[in-house]
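This briefing is meant for a reader who is meeting the structure for the first time. Please keep the sequence and the 3D view at hand while going through the points that follow.

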Amino acid sequence: MAKRLDLDNVNIYYGKFHAVSNVTLSVPPRSVTAFIGPSGCGKSTVLRSLNRMHEVTPGARVEGSVKLDGEDIYGAGVDPVGVRRTIGMVFQRPNPFPTMSIRDNVVAGLKLQGGRSKKELDEIAENSLKGANLWNEVKDRLDKPGGGLSGGQQQRLCIARAIAVQPDVLLMDEPCSALDPISTLAIEDLIGELKKDFTIVIVTHNMQQAARVSDQTGFFNLEATGKPGNLIEIDDTEKIFSNPSKKATEDYISGRFG
Ligand SMILES: Nc1ncnc2c1ncn2[C@@H]1O[C@H](COP(=O)(O)OP(=O)(O)OP(=O)(O)O)[C@@H](O)[C@H]1O
Ligand SMILES: [Mg+2]
């Protein structure tokens, strides 16, 4: 079930290094939010703070609050593993289990949980592959290894795997950057479909992509190397790309840097 995310005054550190400062934003359910901005400004870092993947790095920590439908995911007693199940992630490079079958790739997480019959798992695999717009291409080869698919198919397989566990939120970090233009368009179409059921946050270097797929866009920037990145502004995507409030945003989207 799609849920909303609310970040309040989030500061993110790698050891002593203050990577991102003071991010406050809200992500409404059933919508797509895009993060754009120059390299190193902290987009991936913020994304990883949204499902507690950030703290997997030794010494890394998050201050401030990240709430999922009002519940702080960093609250006392909250299990980070459970958070990562409810807030799924798709990475830049497709990372299927290469030798595992296509079907098992999709339901790997659910199999680990146990308690479901083969028939149930097969149904979930089919529905997830349909949800990821991959079913027609793989339905006759479900027992073949995931590593045998094209890059774009592998990325859709990873999306199928992410949605198989029915997360509340889907995080995507440059999911198309390793893909050709046709596969990229397939993923963009898919994102448009997925937002009917999921809350989506996507990091992209591609401003046209942000403009095409997202409802709201957040622009992050970095004043100088070694300084923390920050959220300059976040607004309706149309507004950000036509009439942003901040000069830094305008310079960035019109290709004038610094
Ligand atoms: N594991 C890490 N340990 C220490 N510093 C890190 C680590 N990962 C990222 N950083 C630093 O945090 C800052 C933000 O990095 P991040 O990867 O979030 O940027 P980004 O906006 O996603 O960049 P890109 O567009 O290149 O992917 C950078 O200064 C980066 O060097
Ligand atoms: Mg990044």
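A disulfide is counted here when two cysteine sulfur atoms lie within 2.5 Å of each other. The model is a predicted one, and by that cut-off the structure holds zero disulfides. The points below begin with the cysteines, then turn to the ligand, and end with a helix.

**Cysteines**

- The sulfur of Cys158 has its closest cysteine sulfur in Cys176, at 12 Å, and this is too far for a bond because a disulfide requires the two sulfur atoms to be within 2.5 Å.
- Seen from the other side, Cys176 is in no disulfide either, since the nearest cysteine sulfur, that of Cys158, is 12 Å away.
- Cys158 is buried, with a relative accessible area of 3%, and Cys176 is buried as well, with a relative accessible area of 7%.

**Surroundings of ligand 1**

- Ligand 1 is surrounded by 14 residues, and the closest of them are Ser39, Gly40, Lys43, Ser44 and Thr45.
- Sorted by class, the shell around ligand 1 consists of seven polar, five nonpolar and two charged residues.
- Two elements, the strand β2 (17-27) and the helix α1 (43-49), each supply at least two residues of this shell, and α1 gives the most, with three residues.

**Polar contacts of ligand 1**

- In the side chain of Thr45, an N or O atom is 2.4 Å from an oxygen atom of ligand 1.
- Lys43 also takes part through its side chain, where a polar atom lies 2.7 Å from an oxygen atom of the ligand.
- Cys41, by contrast, takes part through its backbone, with an N or O atom that lies 3.3 Å from an oxygen atom of ligand 1.
- Taken alone, ligand 1 exposes 630 Å², and the protein buries 64% of that area.

**Helix α3**

- Helix α3 spans residues 102-113, and the residues Ile102, Arg103, Asn105, Val106, Val107, Ala108 and Leu110 in this helix are buried.
- As general background for reading such a list, an α-helix has 3.6 residues a turn, so residues three or four places apart point the same way.
- The buried residues of α3 pack against three further helices, namely α4 (118-131), α5 (135-138) and α6 (151-164).
- Just after α3 comes Gly114, which takes a positive phi of about 75°.

Note on methods
Residues are numbered from 1 along each chain as its sequence is written. Chains are lettered from A and ligands numbered from 1 in the order in which they are written. This is a predicted model: local features need pLDDT of at least 70, side-chain atom pairs count only at pLDDT 80 or more; totals for chains, interfaces and linings use all residues. Side-chain values use heavy atoms; hydrogens and water are left out. A residue is near a molecule or strand if one of its heavy atoms lies within 4 Å of it. A polar contact is a pair of N or O atoms within 3.5 Å; within protein, one must be able to donate a hydrogen and the other to accept it, and residues adjacent in sequence count only if both atoms are side-chain atoms. Accessible areas come from the Shrake-Rupley method with a 1.4 Å probe; for residues, only the protein chains shown count as cover. Helices (H or I, at least four residues) and strands (E, at least two) are DSSP runs, numbered from the N terminus. Ala, Val, Leu, Ile, Met, Phe, Trp, Tyr, Cys and Pro count as nonpolar, Asp, Glu, Lys and Arg as charged, and the others, Gly among them, as polar. Buried means under 20% relative accessible area, exposed over 50%, partly exposed in between (1.4 Å probe, protein chains only). Contact means heavy atoms within 4.5 Å.
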